Amino acid sequence: MSSKNPYYVLRISRDASDDEVKRAYRELSRKYHPDANVDNPLADLAEERFKEVQEAYDQIMKEREDGSGQGAYQYDGSYQNDSHGKDDPRMQSVYTYMNARQYREALNVLNSIPGRNAQWYYMSAVANANLGNNVMARDQAAQAVSMEPNNPQYRQFLSQLQWNGRRYQTTPYGGNFGSHNDSCGTGNICCDLWCADTLCECMGGDLCSCI
Amino acid sequence: MHLNAKKMAVSGLMLALTEACILAGSVLETNTLFLLAAASYFVGIVKREFGSRVAAAFYLAGVLLGFIVSPNKMYALTYAAMGLYILLIEIAWEWMGRTVTEETAGKYGKLFWAVKYAVFNVLYIPAVLLMQEFLFGRRLGALVLAAVLLAGQVGLFFYDYAYGYVQRELWGKLRGRFLD
C-alpha cells in the first residue's frame, strides 16, 4: 500500500461521498492514463501518477467497505476544532493508518509526535483499545476528556470504554465468587463439584448421581 | 481478515477444546448440557480477546467441525444454538456501548438483561414450538409445553450465571498465561 494519503492523491476531502471519490478517480485516471500521454515527454511520471491514483482509489473503497464491519472502536476522522491536526502531516498519516485498521503503525506515528493534546490522547486511546490495551486506552481517554471536557466525542468514547470494561469485571448477580487463593480448584464449590463429577465419570465412576 | 500468529494459535487451541467438549458430551451423556455449555463459552472468550469477526469465524468453524466430528448431530445443533446466543449477546453489548453515556449506563445495564432474554427466546421458542416431534418424539400438551418454555427461562439464568463466572473468574485468571 502506498504511504501517501489516498485522499491527498485524489485531491478530495476525507468527507467526500462515494460519488465524489469516483468522479475524482475518473478525472485523474483520464488525465494520467498512459494512452492519453503517449506523446508526453513526462509519460513515465504520468504512468506513475496513474498507478498512484489507482491505488488511492482502491484503498479508499476498501476502507469504506471495511468501515461497516470495522473494529469495536470507531472514531470520527474529521479535523474540526483542532488546528494541530490540520497542519500536522503526521496526524494525517495517523488517520490513514487508523482507517486502514493498522493500529500498531498509528501508535508508532503518535509516539513520534512530541506535543500531546486532547486529540493525541483520544487517537492513542482508540488505537490502544483496538489493540486490546484496554486499561491504557481508558486512562488516555480519561486524559483526553479532562483536557477537553466539552468534547462529546471524547466523552462518548470514554463511556464506551467504561461500559465495555464493566462486562467482565462486575457481577450483575451480586455476591462474591470465593477467595482468590492459589489452591487447587476454581474457588466456587458448584464449579468444583461439577469438575470433580465429570472427571469421575470419565474414569467410569459417578461422584454425584444428580449431576 | 488478517490474523497474527498468536491469535491463530490461541483460537485454534480454543477450537480444539470446543470440539473436545462436544465429543465428551456425546460420551458422558449425564453431563451433555454442561459440556455443551462449556464448549459454547469459548465463543465468548474468543470474542472478548479477538473481536467480533474472529469470534464469528470461530463459531462457524466450531459448528461445522461439531457436525463433522460429533456422532450425535443433535449435540452439534445444541452447541450451535448456545454458541449463537453467546455471540449475539456479546455483539449486543458492544453495540449498546456505542451509544451509552454516563447517565444511561444504569438503564443500559437493565436493558441488557431484556436483550439477553429476547435473544434467547428468539432461538428457543421457535425451536420448541416447531420441532416438538424432533426434540421430544411427540407433540406436547399445552401444560407440558408451557413448563418446557418456563424451564428454558430458568435454565438461561443459570447458563448465563455460569458464563459470567467463567469469563470473570476462570478465564480472568488464565488469560495472562495464554496471551502474554
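How many residues does helix α5 of chain B have, and how far does it reach from its first C-alpha to its last? In this predicted model, the helix covers residues 105-130 of chain B, which amounts to 26 residues, and it spans 37 Å between its terminal C-alpha atoms, close to the 38 Å expected at 1.5 Å a residue. The helix nevertheless contains a kink of about 30°, centred on Asn121(B).

Asn121(B) is itself one of the buried residues of α5(B), a set that also includes Ala105(B), Tyr108(B), Gly109(B), Phe112(B), Lys116(B), Val119(B), Phe120(B) and Val128(B). The cover over these residues comes from both chains, and includes α9 (152-166) of chain A as well as α4 (73-99), α6 (132-136) and α7 (142-179) of chain B.

**Aromatic pairs**

Over all chains, the structure holds 15 aromatic pairs, and two of them are set out below.

| Pair | Centre to centre | Angle between planes | Arrangement |
|---|---|---|---|
| Tyr122(A) and Phe157(A) | 5.5 Å | 80° | edge-to-face |
| Phe120(B) and Tyr124(B) | 4.8 Å | 20° | stacked |

In the chain A pair, Tyr122(A) belongs to helix α7 (residues 118-131) and Phe157(A) to helix α9, so the pair ties together parts that are 35 residues apart in sequence. Tyr122(A) counts as buried because its relative accessibility is 3%, and Phe157(A), with a relative accessible area of 1%, is buried too.

The chain B pair lies within a single helix: Phe120(B) and Tyr124(B) are four residues apart in α5 of chain B, and are therefore separated by about one helical turn. An α-helix has 3.6 residues a turn, so residues three or four places apart point the same way. Phe120(B) is buried, at a relative accessible area of 14%. Both rings also take part in a wider cluster, in which ring pairs link them with Tyr41(B), Tyr85(B), Tyr159(B) and Tyr163(B).

**Charges over rings**

Lys116(B), which is among the buried residues of α5(B), lies over the face of Trp113(B) at 4.1 Å from the ring centre. Another such arrangement joins the two chains, with the charged end of Arg167(A) sitting over the ring of Trp93(B), 5.2 Å from its centre.

**Chain B as a whole**

The secondary structure of chain B consists of seven helices and zero strands. Of its 180 residues, 45% are buried, and among its contacts with a separation of 6 or more, 70% involve residues 24 or more positions apart. Chain B exposes about 9,100 Å², of which carbon and sulfur atoms supply 74%.

Technical notes: Residues numbered from 1 in each chain as written. Chains lettered and ligands numbered in written order. Predicted model: local features only at pLDDT ≥ 70, side-chain atom pairs only at ≥ 80, totals over all residues. Heavy atoms only, no water. Helix = DSSP H or I, 4+ residues; strand = E, 2+ residues; numbered from the N terminus. Expected span 1.5 Å × (residues − 1). Bend = angle between axes of the 7 residues up to and from the residue. Buried < 20%, exposed > 50% of the residue type's maximum accessible area, 1.4 Å probe, protein only. Contact = heavy atoms within 4.5 Å. Phe/Tyr/Trp six-rings, centres within 6.5 Å; stacked < 30°, edge-to-face > 60°. Lys NZ or Arg CZ within 6 Å of the ring centre and 35° of its normal. Areas by Shrake-Rupley, 256 points an atom, 1.4 Å probe, with all protein chains shown as cover.
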